[in-house]
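Welcome, and thanks for taking a look at this one with me. Please open the sequence and the structure side by side before reading on.

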Amino acid sequence: MCKLLVSTMGALLLFAFSCFVFPVAVAQATTYYLGPDGSDAQSGLSTDEAWASFGQAWSYLQPGDTLILLDGVYAQSLAPDGLSGTPEAPITIRAQHDGM
């Protein structure tokens, strides 16, 4: 029993050490904004810095990200060019205010 406890403790210590030496990269989900009065020269990271085109958004969106469409009328096609999320991290596109 004592031998099993020592080997278990050793394995736990090795695991804890490896977490510090070999950290796992975790992707951060980002929320972007797109609006009819936006500009593709902006960051897309806030309502005041919204992009103007879906094409700009497609070049940035990654699995887990969210694209919020600001209120307004959009006169452009919505063609994501094969862009997709994953079952664990979908790409979400939603309206700023539903039902407006």
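The points below go through a core, two strand residues and a loop residue.

1. A word on the source: what you see is a predicted model, so please read each point with that in mind.

2. A good place to begin is the largest nonpolar core, which has nine residues in all. Its members are Tyr-32, Leu-34, Trp-51, Phe-54, Ala-57, Trp-58, Leu-61, Leu-67 and Leu-69. Strand E1 (31-34), helix H2 (54-58) and strand E2 are the elements that give two or more residues to this core. H2 gives the most, with three residues. As general background, nonpolar side chains in soluble globular proteins tend to be buried together.

3. Next, follow strand E2, which covers residues 66-69 and includes Thr-66. Thr-66 counts as buried because its relative accessible area is 17%, and the cut-off for buried is under 20%. Apart from neighbours within four places in sequence, Thr-66 is in contact with Thr-30, Thr-31, Tyr-32, Leu-61, Thr-92 and Arg-94. Two of these partners, Tyr-32 and Leu-61, belong to the core of point 2.

4. Now look at Leu-69, itself a core member. Setting aside residues up to four places away in sequence, Leu-69 touches Leu-34, Phe-54, Tyr-74, Ile-93, Arg-94, Ala-95 and Gln-96.

5. Finally, find Ala-89 in the loop between E2 and strand E3 (92-95). Is Ala-89 buried or partly exposed? Ala-89 is partly exposed, because its relative accessibility is 21% and buried would require under 20%. Beyond its neighbours within four places in sequence, Ala-89 is in contact with Pro-63 and Gly-64. Ala-89 and Pro-63 lie 26 residues apart along the chain, with 5.1 Å separating their C-alpha atoms.

Terms used
Residues are numbered from 1 along each chain as its sequence is written. This is a predicted model: local features need pLDDT of at least 70, side-chain atom pairs count only at pLDDT 80 or more; totals for chains, interfaces and linings use all residues. Side-chain values use heavy atoms; hydrogens and water are left out. Helices (H or I, at least four residues) and strands (E, at least two) are DSSP runs, numbered from the N terminus. Buried means under 20% relative accessible area, exposed over 50%, partly exposed in between (1.4 Å probe, protein chains only). Contact means heavy atoms within 4.5 Å. A nonpolar core is a set of buried Ala, Val, Leu, Ile, Met, Phe, Trp, Tyr and Cys residues joined through side-chain atoms within 4.5 Å.
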